[in-house]
2 protein chains.
Amino acid sequence: MDELIDRLDNTFRTYQPEHYELPPRGGFAYTTPVTGLLEWMPIMHAGNHITLKIVRYHPANPDRTEMPTILCSIGSYNTDSGHLVGLADGTFLTALRTGAASAVASEALARPNATVLGVIGLGAQAVSQVHAISRRFTLTEVLGYDSDELAMQTFAERVAPLVARDTEIKFQSAETIVQSSDIICTCTSIDAGAGPLFDDTTTKPWLHINAIGSDFPGKTELPRPLLERGAVIPDFREQAEREGECQQLSPDAIGPELSTLLKQQVEHSGMRDRLTVFDSTGYALEDHVAMDMLLEYCEDAGIGDMVQLESSIGDPRNPYDFGLGRRERQALESAGDLIAG
Amino acid sequence: MDELIDRLDNTFRTYQPEHYELPPRGGFAYTTPVTGLLEWMPIMHAGNHITLKIVRYHPANPDRTEMPTILCSIGSYNTDSGHLVGLADGTFLTALRTGAASAVASEALARPNATVLGVIGLGAQAVSQVHAISRRFTLTEVLGYDSDELAMQTFAERVAPLVARDTEIKFQSAETIVQSSDIICTCTSIDAGAGPLFDDTTTKPWLHINAIGSDFPGKTELPRPLLERGAVIPDFREQAEREGECQQLSPDAIGPELSTLLKQQVEHSGMRDRLTVFDSTGYALEDHVAMDMLLEYCEDAGIGDMVQLESSIGDPRNPYDFGLGRRERQALESAGDLIAG
């Protein structure tokens with residue numbers, strides 16, 4: 001996590017959009033047989049490689065199927081031959097990179113001496129949010145709230161191994177959390193059109209919010225007046241305007257993207273003293289960095305399975321040549337038809 | 001192949017667009033480090049399942065890397081939980097379904113007693129084109145041409161096992177092939193802007209062409225006057241207008257889609273006596289049918305590997321729970337931190 005936060009921070013600071021192609025994600029949203037979403041999130045580092053994440057979002061999964069809300073796989077392709085270099089589960093990586101992105105944003109936008117972290121929505125994403133923030137801030141309290149009893153009951157058990165031993169984990173109402181925290185992470189599966197999660201209320205003047213649950217048209221978590229009082233920093237503006245908290249704002253009320261802000265941090269250092277919101281819709285650039293790091297670690301540690309998925313070892317001009325050597329092929333051919341039924 | 005042709009034919013005849021979502025494919029096209037393309041081709045059978053193909057096209061592969069021009073993987077996802085049900089190499093399936101689609105189109109648009117098949121472009125796709133057409137027509141001659149010597153030299157060896165023993169395989173100029181064939185398949189890797197493959201010339205009045213190489217903006221194979229004389233039937237009109245031979249035509253010169261034509265075959269039976277072109281840009285619906293069939297066959301035959309790719313067996317609310325049982329988890333926790341570094 002520490003290294004991923006560093007790598008993301010560095011990537012944002014040095015990001016040159018002209019070296020990447022990053023088309024908006026596309027997907028299927030449906031309500032039958034259940035409410036769900038499948039999205040593809042592509043990014044190309046020009047002349048280098050492509051990361052393509054296929055994410056599926058089914059909020060009923062934990063209760064219905066014991067599977068996570070987010071299922072995901074991430075592929076890495078080279079642009080030299082199109083070879084699929086690696087394919088990884090993306091559920092863990094998505095949680096990891098979303099947490100790391102919040103840590104990067106919080107270091108830029110929250111007070112360095114922040115001690116109280118509020119978390120609204122205590123599902124899978126909450127775990128890595130707490131983990132990431134706790135790596136960069138000395139937290140004395142984590143205040144949690146979820147409308148789901150089971151998520152509340154198991155939260156402390158899930159995050160205790162990730163925070164310092166003297167960090168207290170408490171449960172409060174969403175309103176109290178908003179009023180008492182230095183940093184907040186909102187990470188709920190609220191339905192489109194059902195927001196906000198809480199009514200607008202007073203906050204500490206320097207509150208920083210990482211809003212990560214808003215990632216679909218109509219789906220927003222925060223009250224509009226709060227956004228309008230604060231500086232709203234999107235991860236990826238075009239996407240945030242369509243799917244994030246920025247949906248609630250007029251274009252001129254939206255702040256710079258996080259990468260722009262990090263490049264101009266001296267000019268924006270005053271932001272640490274005011275209300276700020278990181279509108280984290282989920283950024284393919286983050287997946288790209290996380291996947292690269294995973295592949296490096298796997299290679300170094302010899303972790304992972306080699307899977308024969310591409311038909312790449314036979315005759316490239318014969319789609320029926322499943323990697324047979326010339327001798328085996330001739331033997332089969334002389335014995336009769338190879339494939340023709 | 002026989003069964004896939006039947007299934008595709010049946011799918012086209014019964015296809016109801018309102019039961020599917022079929023967004024245009026998207027992708028990255030690049031010229032560094034080599035000329036290449038990565039595309040995603042999604043299709044959802046609403047309420048049922050999603051097929052998503054990731055195809056990579058690198059025409060220099062056979063010579064540079066001994067890999068096929070087309071590398072491809074196809075995933076099948078249910079919409080009940082988002083589970084990735086199966087993942088398969090798509091190079092073979094793409095060749096298979098592209099061949100099968102040409103067979104379906106040729107049965108609808110060529111004369112039933114066609115005996116001479118011309119093939120321009122003798123790479124991997126040519127093999128399954130010849131295979132598929134030979135399953136539905138009694139071919140006496142296959143006439144081949146490729147600008148690449150190696151493709152010419154190995155063509156007979158690659159297709160001989162797939163055709164009847166008395167089918168003659170000959171090599172001719174592209175012009176002679178166009179003049180002499182009853183059915184033609186064009187399946188080249190011509191560069192965008194470099195078309196046509198041959199100058200317009202006389203043809204048999206009933207010639208049917210399966211144009212499968214045109215699948216990218218600017219990339220076309222056939223001379224425009226020939227298209228304008230014929231009836232041009234796209235697989236998927238919206239895509240063919242952007243990427244297929246239909247790029248060369250005004251909208252009112254484009255015929256019905258193949259599925260529409262098959263539903264109205266009595267009205268269109270006269271097409272068998274005239275010049276026709278199947279503009280086969282590659283249709284996600286075909287991938288969907290081919291992938292479903294593959295998964296059925298694999299399940300019946302017990303073929304394929306089970307791969308643990310999704311983190312689906314631990315606590316769905318804990319992204320760091322890699323499928324440990326409760327007991328193992330408690331043991332680890334009591335021994336110290338589980339993950340926190």
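**Exercise 1.** Which side chain of opposite charge is nearest to the buried Asp279(B), and how far away is Arg25(B) or any other candidate?

*Solution.* This is a predicted model: local features need pLDDT of at least 70, side-chain atom pairs count only at pLDDT 80 or more, and totals for chains, interfaces and linings use all residues. Residues are numbered from 1 along each chain as its sequence is written, chains are lettered from A and ligands numbered from 1 in the order written, and side-chain values use heavy atoms, without hydrogens and water.

Step 1. Asp279(B) is buried (under 20% relative accessible area, 1.4 Å probe, protein chains only).
Step 2. Arg25(B) is the nearest side chain of opposite charge, 8.7 Å away. Asp279(B) has no salt bridge (Lys or Arg side-chain nitrogen within 4 Å of an Asp or Glu carboxyl oxygen).
Step 3. The Asp279(B) side chain does reach the backbone nitrogen of Glu245(B), at 2.9 Å.

**Exercise 2.** Classify the ring pair Phe12(A) and Tyr283(A).

*Solution.* Step 1. The ring centres are 6.1 Å apart and the planes lie at 10 degrees, so the pair is stacked (centres within 6.5 Å, planes under 30 degrees apart).
Step 2. Locate the partners. Phe12(A) is in helix H1 (residues 2-14), whereas Tyr283(A) is in the loop between strand S13 (276-279) and helix H10 (284-301), 271 residues apart.
Step 3. Both Phe12(A) and Tyr283(A) are buried. Ring pairs also bring in Phe236(A), giving a cluster with Phe12(A) and Tyr283(A).

**Exercise 3.** Find what lies over the face of Trp206(A).

*Solution.* Arg111(A) does, at 4.0 Å from the ring centre (the cut-offs are CZ of Arg within 6 Å of the centre and within 35 degrees of the ring normal).

Key: Buried means under 20% relative accessible area, exposed over 50%, partly exposed in between (1.4 Å probe, protein chains only). Lys and Arg count as positive and Asp and Glu as negative; His and the chain ends are not counted. A polar contact is a pair of N or O atoms within 3.5 Å; within protein, one must be able to donate a hydrogen and the other to accept it, and residues adjacent in sequence count only if both atoms are side-chain atoms. Rings of Phe, Tyr and Trp (its six-membered ring) pair if their centres lie within 6.5 Å; planes under 30 degrees apart count as stacked, over 60 as edge-to-face and the rest as tilted. Helices (H or I, at least four residues) and strands (E, at least two) are DSSP runs, numbered from the N terminus.
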